[in-house]
Amino acid sequence: QLTIDDVLENRDQWDKIAIGNYPVDVQPTATQRYGTVIGSPDRYAIPFRALVPLKIDNLLVVGRSASYKSLAAGSARVIPIGMAEGEAAGVATAYSVNNNVTYRAMTTDEKAISAVQKQLKKQGAYLEDFNIHEDFMDHWAYPGVKVIRSLGLLDGGYDNNYHLEDTMSKWRYQNMINKAMAKAGLTLDYIEVSDNPTNAEIIATVAKILDSTAVRYADQLADIQAAGIMDEQLAAYFTDSTKQPQAAEVVMLVANLYQYEVGQQ
């Protein structure tokens, strides 16, 4: 499956049969009233593997029904990519018939993929190799960004700006923590904080989710660290209980909490 990280980290693929670059434009749904742009890639490759179903033989799937994770589909669903995939499916089918090899076998056959790519280029397809690194991937909180982004709870917009240096606001935190915990499978009372939440409020909500009975800030921090949710680097951002935290440290904290809770299931 093509993932949101494949798209927004501009990943090349050894078996690419098309290249896309449309923004990850997620449309409104019955449960999400507003559309959003998760991020905007420079370019990314569509692997031949994404056209081959896991269980059905003699079938290639192209266009918006190909194997994309839901967020990746926000970009890869567009018609030009589907057209390029359709051309690639035709070339792959000709190779399959002429060489008596299945699509499934082709997914691990470098010679077969190379032949398909060569023919596609001959027909005018753009399949050049690339290696494009985005600056936001170097941010210390990027591991947390990837987790929360994969849940559809962190948008970079058209300029891939996650506003990690902004102070964490009430509504941004409440949306992130409540939806992340729901996606982790927890059933909780709705978590609320004040208009300008401090470290103390953020830590108190996390401690409550962990069923910590601690009342003092230092004890709550200790319980969170004992659960492995906060390492020394992250703890350094929460030494002052009165400080209003930036988004970066909160994103990392919620990402770690989500992974912890998923692991407890």
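**Reading a predicted fold, feature by feature**

Colleague: Let's start with Gln27. Which side chain does a polar contact of 3.1 Å join to that of Gln27?

Modeller: That would be Asp25: the Gln27 and Asp25 side chains are joined by a polar contact of 3.1 Å. Keep in mind that this is a predicted model.

Colleague: Okay. Where does Gln27 lie, and is Gln27 buried, partly exposed or exposed?

Modeller: Gln27 lies in the loop between β2 (25-26) and β3 (36-37). Its relative accessibility is 43%, and because the partly exposed class covers what falls between 20% and 50%, Gln27 counts as partly exposed. Setting aside neighbours within four places in sequence, Gln27 is in contact with Gly35 and Arg77.

Colleague: How do I set separation along the chain against separation in space? What is the C-alpha separation of Gln27 and Tyr162?

Modeller: Read the two numbers side by side. Gln27 and Tyr162 are 135 residues apart along the chain, and their C-alpha atoms are separated by 19 Å. For the whole protein chain, take the contacts between residues at least 6 apart in sequence: 68% of these join residues at least 24 apart.

Colleague: And the overall picture? How many helices and strands are there?

Modeller: The protein chain has 11 helices and four strands. Its C-alpha trace spans about 70 × 35 × 35 Å along the principal axes, and buried residues make up 48% of the 265 residues.

Colleague: Tyr162 came up just now. How do I read an aromatic pair, and how many does the structure hold?

Modeller: A pair of aromatic rings is described by the distance of the centres and the angle of the planes. This structure holds three aromatic pairs. One of them is Phe136 with Tyr142, at 5.7 Å centre to centre and 55° between the planes, which makes the pair tilted. Both of these residues, Phe136 and Tyr142, are buried.

Colleague: What kind of pair do Phe136 and Tyr162 form?

Modeller: Phe136 and Tyr162 are edge-to-face, with 5.6 Å centre to centre and 75° between the planes. The pair links distant parts of the chain, 26 residues apart: Phe136 sits in the loop between α5 (110-122) and α6 (142-150), and Tyr162 in the loop between α6 and α7 (170-183). Taken together, Phe136, Tyr142 and Tyr162 form one aromatic cluster.

Colleague: Why do Phe136 and Tyr162 get the label "buried"?

Modeller: It comes down to the cut-off, since buried means under 20% relative accessible area. Phe136 has a relative accessible area of 14% and is therefore buried; Tyr162, at 3%, counts as buried too.

Colleague: What about buried residues with polar side chains? What does the side chain of Ser96 find at 2.5 Å?

Modeller: A polar atom of the Ser96 side chain lies 2.5 Å from the backbone oxygen of Val101. Ser96 belongs to helix α3 (residues 79-99) and is buried, with a relative accessible area of 14%. Not counting residues up to four places away in sequence, Ser96 touches Val101, Thr102, Tyr103 and Met106.

Colleague: And Thr205: which side chain shares a polar contact of 2.6 Å with it?

Modeller: Tyr173 does; that contact joins the two side chains at 2.6 Å. Thr205 is found in helix α8 (residues 199-209) and counts as buried at 10% relative accessibility. With residues up to four places away left out, Thr205 touches Tyr173, Ile191 and Val193.

Colleague: Now backbone angles. What is the phi of Asn58, and what is the phi of Asp211?

Modeller: Asn58 has a positive phi of about 60° although it is not a glycine. For Asp211, again not a glycine, phi is positive and near 60°. Asn58 has its place in the loop between β4 (44-47) and α2 (73-76), and Asp211 in the loop between α8 and α9 (217-226). Asn58 counts as exposed at 70% relative accessibility, and Asp211 is exposed with a relative accessible area of 65%.

Colleague: Last one: pockets. What volume does the second largest pocket have?

Modeller: Rolling a probe the size of a water molecule over the atoms shows where empty space is left. Here, the second largest pocket has a volume of about 200 Å³. It is lined by 13 residues, and Arg49, Val52, Pro53, Leu54 and Ser67 are the closest to its centre. By type, the lining of this pocket divides into seven nonpolar, four polar and two charged residues.

How values were computed: Residues numbered from 1 in each chain as written. Predicted model: local features only at pLDDT ≥ 70, side-chain atom pairs only at ≥ 80, totals over all residues. Heavy atoms only, no water. 1 Å grid on protein atoms, 1.4 Å probe; cavity = no way out; pocket = protein on both sides within 12 Å on 5 of 7 lines; lining within 4 Å. Points joined across faces, edges and corners; volume = space filled by probe spheres on them. Nonpolar A, V, L, I, M, F, W, Y, C, P; charged D, E, K, R; others polar. Helix = DSSP H or I, 4+ residues; strand = E, 2+ residues; numbered from the N terminus. Buried < 20%, exposed > 50% of the residue type's maximum accessible area, 1.4 Å probe, protein only. Polar contact = N/O pair within 3.5 Å; in protein donor to acceptor, adjacent residues only side chain to side chain. Contact = heavy atoms within 4.5 Å. Phe/Tyr/Trp six-rings, centres within 6.5 Å; stacked < 30°, edge-to-face > 60°.
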